[in-house]
Amino acid sequence: MLRALSFILGLAVAASFSTMAGACGQLAPIEATKPGHLIHVRGYGYGFEGATRPIILVWEGTKVNAAEAAIDANGDFSVEITAPMIPGEYKLIAYEGLDDAAPVTVTVRVVGPSI
Amino acid sequence: MPGEVLVKRRAQGISNSSATALAIAAALATTGASAQGVEGTFGLAAMVHTPDWPNNAQVAPWDGKSDGEFAYRAIPCAGNAPMNNISSNLPTYNGLMPDSRSPASTRSHPFKFNVKAGQMTGSIALTVCKLTPGPTNDGRPDSERDRIDIEFTATSMRRTPEETTFSGTFVIPGGTGRYAKLAGSGTIRGYFMCFDPKGCVEGNKGMLRDMQYVLEGRFKDPGFNP
């Protein structure tokens, strides 16, 4: 488990975070939210190549996984995570399994006073 | 006729084996004067997307009806892209390119176009990821890979708020690297839609976030000399 986590963190650090990057899977846009509120993260187009792998969501620049989600039979996933507590613009990265060399990124805007 | 290939030779028409050998020897002795080339037919099927819209300045999805400038992009060559990883036999020159095997892996980086009253004028920077199927794992940035340039004009038709189709023609004016002398032409058609299961209207503010297109055409590269 520790090895898997460190691998993911390594990817998070090494991967290019260019917003044009992405795997086959895509992420739906996320509306601006308030600090600490729940965010609904939706993805689609996953699981077409290789075995079905879990989706691992990581906030850019952090060392913890925000969430892990399973892909359904249509290649979709849906999961709720908590928005950061400090207003700002954040990048949420979705890795398809542990060997995703081109993860997808979606921007999350957190607005309003900190709570 | 898919897969039809004609390799032109300077010694064309000479059937005598010794005469052919002499012609080959002469060709070898003439530096840079190889008369070999290749031409054939090809197909391509690919997808493009608008990742992280509306925060990504490098993409601009179309609503299927407005005039303006729009841009779609493919995923990186390193990504698992089922369609783009097995997209075409053009980069391999029908498999004649050394160490190649169709279908080759390509990416449209980007697919951009202008729309005026339903008429589309655009270009595709077709990055050749590798001459065999699948994603890359060599660590090279896509911008450094060989590229095939494609220019097209097409007529679009908005069928529903969830789909707009288009069809037209394209030309290949050249490319970079091994495709510098490539030329070609053919037909292009495709459709804009939303890969998102919620669709374009409900999930994406009416924007057609994704597109799938196909090319069919002929190519010619007088500089090809395997």
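The following dialogue concerns chain B of a predicted model and the reasons behind several of its structural labels.

Trainee: What pattern does chain B follow along the sequence, and how many helices and strands does it have?

Mentor: Chain B has 2 helices and 9 strands. Read in order, they give β-α-β-β-β-β-β-β-β-α-β.

Trainee: Why is strand β4 of chain B called largely enclosed?

Mentor: A residue is buried if 20 or more other C-beta atoms lie within 10 Å of its own. In β4(B), residues 105-116, 9 of the 12 residues are buried, so the strand is largely enclosed by the rest of the structure. For the chain as a whole, 42% of the 226 residues count as buried.

Trainee: What makes β3(B) and β4(B) a pair?

Mentor: Pairing requires at least two bridges between the strands. Strand β3(B), residues 68-72, and β4(B) are joined by 5 bridges in the antiparallel sense, so the requirement is met. Within this pairing, B:Phe70 has B:Phe113 of β4(B) as its bridge partner.

Trainee: How do you know that β4(B) also pairs with β5(B)?

Mentor: The same criterion of at least two bridges applies. Between β4(B) and β5(B), residues 119-130, there are 10 bridges, and the strands run antiparallel. One of the facing positions is B:Thr106, which stands opposite B:Val128 in β5(B).

Trainee: What lies between β4(B) and β5(B) in their hairpin?

Mentor: The hairpin has 2 residues between its strands, and B:Ala117 in the turn has a positive phi of about 50°.

Trainee: Why is B:Glu216 counted as partly exposed?

Mentor: The label partly exposed covers counts between the limits of 12 or fewer for exposed and 20 or more for buried. B:Glu216 has 15 C-beta neighbours inside 10 Å, and therefore counts as partly exposed. This residue is found in strand β9(B), residues 210-221.

Trainee: Which residues is B:Glu216 in contact with, leaving aside its neighbours within four places in sequence?

Mentor: B:Glu216 is in contact with B:Gly43, B:Gly186 and B:Thr187. For each contact, the C-beta atoms lie within 7 Å. By contrast, B:Glu216 and B:Ala117 are 25 Å apart in space, C-alpha to C-alpha, and 99 residues apart in sequence.

Trainee: How many residues of chain B are in contact with chain A, and what kinds of residue are they?

Mentor: On chain B, 23 residues are in contact with 23 residues of chain A. Those on the chain B side divide into 10 nonpolar, 9 polar and 4 charged.

Conventions. Residues numbered from 1 in each chain as written. Chains lettered and ligands numbered in written order. Predicted model: local features only at pLDDT ≥ 70, side-chain atom pairs only at ≥ 80, totals over all residues. Helix = DSSP H or I, 4+ residues; strand = E, 2+ residues; numbered from the N terminus. Contact = placed C-beta atoms within 7 Å. Nonpolar A, V, L, I, M, F, W, Y, C, P; charged D, E, K, R; others polar.
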